[in-house]
Every structure is written in C-alpha cells, then in structure tokens.
Amino acid sequence: MDPFADTLRRLREAFSSGRTRPAEFRAAQLKGLRCFLRENKQLLQEALAQDLHKATQLDSAFIRKEPFGLVLIIAPWNYPVNLTLVPLVGALAAGNCVVLKPSEFSRSTEKILAEVLPRYLDQSCFAVVLGGPQETGQLLEHKFDYIFFTGNPRVGRIVMAAAAKHLTPVTLELGGKNPCYVDDDCDPQTVANRVALFRYFNGGQTCVAPDYVLCSPDTQERLLPALQTAITRFYGEDPQSSPSLGRIISEKHFQRLRGLLGCGRVAIGGQSDESERYIAPTVLVDVRETEPVMQEEIFGPILPIVNVRSLDEAIDFINRREKPLALYAFSNSNRVVKQVLAQTSSGGFCGNDGFMHMTLASLPFGGVGASGMGSYHGKFSFDTFSHHRACLLRRPGLEKIYSIRYPPYSPRNLRLLLVAMEARSCSCTLL
Amino acid sequence: MKDEPVSKNLFVLLDSAFIRKEPFGLVLIIAPWNYPVNLTLVPLVGALAAGNCVVLKPSELSKGTEKVLAEVLPQYLDQGCFAVVLGGPQETRQLLEHKFDYIFFTGNPRVGRIVMAAAAKHLTPVTLELGGKNPCYVDDDCDPQTVANRVALFRYFNGGQTCVAPDYVLCSPDTQERLLPALQTAITRFYGEDPQSSPSLGRIISEKHFQRLRGLLGCGRVAIGGQSDESERYIAPTVLVDVRETEPVMQEEIFGPILPIVNVRSLDEAIDFINRREKPLALYAFSNSNRVVTQILDRTSSGIFGGNQGFLHLILPSLPLGGVGNSGMGRYHGKFSFDTFSHHRAVLLSPSGLEKLNELQYPPYTDLRQQLIGWALGSHGCTLL
C-alpha cells in the first residue's frame, strides 16, 4: 500500500497545469506563510517548548571559492577533445587536482590525452586513467571530492549512486531526445538548413542535436524537399564522399543505427556502408511513438518527423516525455516561440536556430531531470568546481555590544536583538 | 524570476540571450527536529518562491511542531500545490522511492547517503544539509572571557542541538587553564547557579539521544557540569578535558551541551588535526591576531567559517549556508534558496530570417570559412570541436 501516490500525483498535475508559475501565485503562497507565522506564534512557541524546551525570545562577510580537492572527470567519445578539456579547464582554474578518464572508444584521442597532455601539466596534480566500464566501476569505488560526468542517463545513475556512498557532489551532463518543433509559419528552406546542419554535424553524434521534428503534415510536405536541398548543398550529390560528414564511432553503434533505419518510412537517405561505418543523412516519416527510433536518443544522422495537429499537441507531446537537454522551436512568430519556451522545460532552449547557445560561454550548459544536473562553460565552470564557503570575520573585541545576545533573555533584550537583526534586513527570527 | 540577460559573441549579436530560472516541479523537503520551524519553513520559502509544488516531511521527533505543520500550515497555502506527509524512517524510505524533481534534506550524513542513493535512481538533484564535528580553535592570543562567552553561547544554545555549533575546542594546555574558569563564569552568568532551572536552556529531544549523550559524559574528565536528569532529559552545560581522539566524544557529532577540549601545541598541529578529519559544516577560530585567523581560513576547508564569532551569519541572508564533503552539498538562504530550487535554463532566441548571415556556418568548410568562424566566436568561443 502506497500512502503517497495519490498526493504526489495531485501535486504533479497541479505543477504541469502551470499553476505555480505566475509571480502572483508565488507571492500569495509566501504571504500565506507569513500569516501562518504571525497568527500562530503562540501555538508554535508552545510546540517548540514541548519538543525542545526552547527559550522564547557586527565584520567582514564574504564568500570564498575554494577547490573541492580531488576531481574526477569522465569524458565521452563524441567530442573527445572539447568534452574533456573544457571541464578540465574549469577544474584546474578552480584549483583542484584532477583525474581524467577519457573514453576508450575514441582511441586516438585517448592516446594523446594519456601520453602527451600530462607533459604539459604538473603531474603531481593531474593524472589520466584508462579503461572500460569495469575499470571505471573500480575507479568509482574510490572517494572523490567532485565528479563531473558526461554520458548517457543510464550510466549517469550509476555514477551518482557511486557518488552517494561518499557524499560526493556531481555534475551530470546527460542526454535525451531533443525535440525540434517546426511551426507552419516558417520559411521551410531556412529551417531545413539549420536543422540539417545541427542534426548531421559530427555524424549526428551530438548531445544537443535536434533528435526529432514535430510539425503538421502540411509543413512536413514543405520541409522534406527543403531538407533534401540542404543535404545536397552541404554534402554534395554523394554525401558518402563529402569531407564534411562524420562516421559512426563504433560497430555497435553503427548496427544500432542501422536498425533504426527500419522505423517508419525512409523519405531521404537511408543508405549505409558497414565498411566505413557510414550512415547517410536520413529523414524518416510515418514514425510511431512506440518505435525504437522514438524511444531512445538517436545519436546519429537520422531525423524522424512526427506529425502533430497543433502547437498544443506538440507541447503535450514534449511534456509527456523526459525533460530534454535541448529544445528547439522554429517559427516566424515570436509568440509561438515564446509559448513553447514558457510551457516546456529543458536544459537549454534555442528559438530559430540550432545549438548556437553552446557557443556562448556566458550561458550555462547543463541538463534538467533525466538530461542531467549542474552546468558549466565559462564562469559557470569555475563555480561548479568550487566550494562556495561563507565566511564572517569579526573583530575580537566589542564584547559590550555583543552582550545583548547572551542569556538570560529578557523581553527587552529580545526586542533589541530583533531590531538589530531587522536593521540588517534579515528576518530569519524563527528559532 | 526575471530573465537574466548575458553577454554575446558576434554570431548571436542580433539574438536575445538570457538565463531563465524555472521551477523544477515537485520538490521534497525533509526537515529535522532541532529547529523544526526554521529548518522546515526557510527551505519551503525558497521552494515556493521558485514556483515549485512542495511535499514537506517534517521530523516525527518534534511532535508538537509536526502537528502544527500538518494541521494548521496547509490552511494558509494552496493545497493543490502543497502537502505535508508524516511518518518515520520506514515511511520516508517509501516516500523516497517516488520520483521527485528536487530533494532538499537536512539531517545527518548517514541518512544523507540514503537520500542521495534514492535520488540517484531518478537522477534527482539534491541539496544535503548535513553535519559533522565543527572545530573551534582558540589561540593563545585571545581574551579568554570573551571567547568563553561566545563559545558557551553557541555551544549550549538549544541544548547543544545545533548543526553549526562548535563541537570541540582545540587549544594549548595554557589556554585551557585560562578558558576553564572563564567558561564556568559564562555558564553561571547565562544560566544561573542552577542551570537546570534556567528558562534559557533547552532539553534533549528524545530518550535515545539523552542516553547517547549521557554515555559521552564518561569520556575524558568532567571539568564543568556533568549532571543529568532523565526525567527531564536534561544534560547540564558540560566541559570535558583530557579527552583522547579515539573516545566516542571525538568520534561522532556531539549534538548536545557537552564541549570537549583537545590540546594542541601549535597552530600547525591544530590545522593538521582539523585536516585529518572530515570537512565540517562550520569552523571557528578565535584570536586577536588577524594573521592567525586568516591562516586557519586559508589552510582548511569547511561549509562556513567564523572568525571570532559564532554562527551569526545564519541571519545574514547574503551568505550561503551549506556544507562540503561529509557535511553536505548545495546551499541556501536568501537568494541562494531561490537559485537552489530553480533550474537555470539557457535560452537563445534568434530572429527567424537573416539567413544570409547564417551562411557562414554551413558546410562545405573552406579554410576561409573556418577562420571567419573562429574570429566571430571570439573570446566567448568554445572552439574545440
């Protein structure tokens, strides 16, 4: 018997309805709290007296950002230089010692990181460790002061569970299926250019690439030829010979993707070449939600199009699923873009473009829900890899002024204390 | 709540770039019994201000407060978005099997691990406000009475049941000799000749904790206090000396009105002692010398740090409250609460047209194109691909 299920469901539904979003609602809630405290002071005091026999009734303050200590960075294979070094920059800038575990899939990069990089750093404070899942599991049994992981949600859970044993804080940069809503009111060729660029870049192996398109059947009709035009323009008549197209990282992933080509119906592309681990830039249509291509993160050059009949239906579709790392909305109408933004959640959001938000170091990069926790890039990296220590340094004297804090607590003393605290505009007077 | 604009590079000059702080969704707040109103409501304020729906699980040990929070508080809030659930460890475990979008836990490290492990199954982010043994270094260069006043105040407040109270004192034998009479003076001044009858002294929350603390009175040697009264769950303000590092009183967080003094022969020895142990939630240093205080600050780590004072920065909302290492992760109070309970979503809104400007980014990538891209990304660039 689960006594909580109904309550939790009710609250979730209320949240999904958007009830708690408006500032007015939140202010009302907080006012309610204030009334509760004012109107029930005596009741609370009595309760506190019952529980704990509680008595009823000047400096330099700063935040110091300190390194955590020993940081573990586990990096993936899809952008093996960027996704290893950008976190490393943050960890080093914050003053930590770092253990780097690059991906064993991107073997050549792994070799350089292991053999060449350490020569450029102080090796008493930096080490590269190599291995596969088993070695990583063994590594995770050790205690670290911070763990930064980029990879998929399944392994993210394993990393966080291991971290929990040592109470190690984590940043998890995970993934998901990034929706790409395309409105009827758009220029199909412009949209197709942008979607194709960000989908097929790096052989589609990008955590923030648009994973699937949501649009009406009409828009699909206009988008398909535009996508073909974009693909031909970017990669030529024979994409397999284009120098701008990546290949799939491994045999296992190649087979996985080739399997997905059987979902729905191939509208563009669909070719593959096992000898090169090449998959052509592909677009699938007539795809059902239950098919594998709509169940797992694609992470390849395959773009399914799912039809919806309205903006609301698209938003519902998105909200029924796990929160994605990135969310895209294409429309000439500002209102439409803002509505998608307002009624969904995701790590990051871009209106009318692909993952350009990644290039701005002034924007934090991170997920939410199943797509991750924490963020980095630019200053956010430094803050992520630092412990923010609150410090208050007082002068040792001034004891007379201090005295009003001491018991016994007369009503006069308590009044003075309250005045002093409110003068500092802090009213956490609840004890 | 307002969107926070951010600086841009050339590629996105015409775009709108900002950080939007959004509620996570369903937040679980698990609160402790020692400050059952404050440690329930202050996180609640943060969670509500950030726009979340909240499930509150107050401590079953502070029964009087639990009752008020469960029966009276919901009447003041929209009950479609707020609920109080009750129960002990078993019910809490059952609750933790559900998926939440954020979990805020205040309690001890042992349970903190359980909460984080449960959160890991759902990839739920957490803030854990835990505890530890908060060292209190007292330098030879100090005024013993001033130090004794402050240490006594913060140690014995609320029956010693405060996560940021000084847990043990580190000082030289000489300073200990001066501190002991000063501590006795402070205790008598605050609580009278018969502390048990003082209205300013709290009681221990439960029989189990009372017995635990009574057991600790056997460690080292009682220099001050040491009395206890089971009928009231009263423990006298106590100071222990000649305490060894291996004794129970130096192994677990005391969380009671007992203050052990451990002798060290130098500042370096004190710092080593501190750094050999888990990172504490709070760290205190008392000295007339700024240099000494600064040294301790620079060479140790802790959630928060106080030089020549106790935990008053809890009432400075501009300072975050949170632990590090074994004492916790994440922080709150004031604006930090709002930020803790919000997802910071990066948003970039581009105009839908102006396609010609975008052309630079499209393949095929000639050398010239690559150079232009690098230049446009500029100093904000994450150019490593």
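A salt bridge here is a side-chain nitrogen of Lys or Arg within 4 Å of a carboxyl oxygen of Asp or Glu. By that rule, four salt bridges cross the interface of chain A and chain B in this predicted model. One of the four links A:Arg19 to B:Asp78, with the closest N and O atoms 2.9 Å apart.

On the chain A side of this interface, helix α2 (residues 23–39) is the largest contributor, giving 11 residues. The residues of chain A that touch chain B divide into 76 nonpolar, 34 polar and 27 charged. In terms of contacts, 137 residues of chain A meet 152 residues of chain B. Polar contacts between the two chains amount to 39 residue pairs, both residues being at pLDDT 80 or more.

The size of an interface is often given as the accessible area lost when the parts come together. For chain A and chain B the buried area is about 11900 Å², and carbon and sulfur atoms give 62% of it.

Strand pairing also joins the two chains. Strand β17 (residues 386–393) of chain A runs parallel to strand β16 (residues 304–307) of chain B, and four bridges join them. Within this pairing, A:Ala390 has B:Ile304 as its bridge partner.

Next come the sheets within each chain. Strands of a sheet pair through backbone hydrogen bonds, either parallel or antiparallel. In chain A, six strands make an open sheet with mixed pairing, in the order β4-β3-β2-β5-β6-β16. Strands β4 (126–128) and β16 (372–373) of chain A are at the edges with a single partner strand each, so one side of each has no neighbour in the sheet. Further in, β2 (residues 70–74) and β3 (residues 97–101) of chain A run parallel and are joined by five bridges. A:Val71 and A:Val98 are bridge partners in this pair. Helix α4 (residues 82–93) of chain A lies across β2, β3, β4 and β5 (146–150) of chain A, and runs at about 170° to β3(A).

Chain B also has an open sheet of six strands with mixed pairing, in the order β5-β4-β3-β6-β7-β17. The edge strands of this sheet are β5 (82–84) and β17 (328–329) of chain B; each has a single partner strand, so one side of each is left without a neighbour in the sheet. Strand β4 (residues 53–57) of chain B pairs with β5(B) in the parallel sense over three bridges. In that pairing B:Leu56 stands opposite B:Val84. Helix α1 (residues 38–49) of chain B lies across β3 (26–30), β4, β5 and β6 (102–106) of chain B, at about 170° to β4(B).

Returning to charged pairs, the count over all chains is 36 salt bridges. Among them is the pair A:Glu274 and A:Arg258, whose closest N and O atoms are 3.1 Å apart. A:Glu274 sits in the loop between β10 (272–273) and β11 (278–279) of chain A, while A:Arg258 belongs to helix α10 (residues 251–260) of chain A, so this salt bridge ties together parts that are 16 residues apart in sequence.

Note on methods: Residues are numbered from 1 along each chain as its sequence is written. Chains are lettered from A and ligands numbered from 1 in the order in which they are written. This is a predicted model: local features need pLDDT of at least 70, side-chain atom pairs count only at pLDDT 80 or more; totals for chains, interfaces and linings use all residues. Side-chain values use heavy atoms; hydrogens and water are left out. Contact means heavy atoms within 4.5 Å. Buried area is the accessible area (1.4 Å probe) that two parts lose on being put together, summed over both. A polar contact is a pair of N or O atoms within 3.5 Å; within protein, one must be able to donate a hydrogen and the other to accept it, and residues adjacent in sequence count only if both atoms are side-chain atoms. Ala, Val, Leu, Ile, Met, Phe, Trp, Tyr, Cys and Pro count as nonpolar, Asp, Glu, Lys and Arg as charged, and the others, Gly among them, as polar. Two strands pair if DSSP finds at least two bridges between them. Axes are lines fitted to C-alpha atoms, for helices over the stretch in contact, and angles run from 0 to 180 degrees between N-to-C directions.
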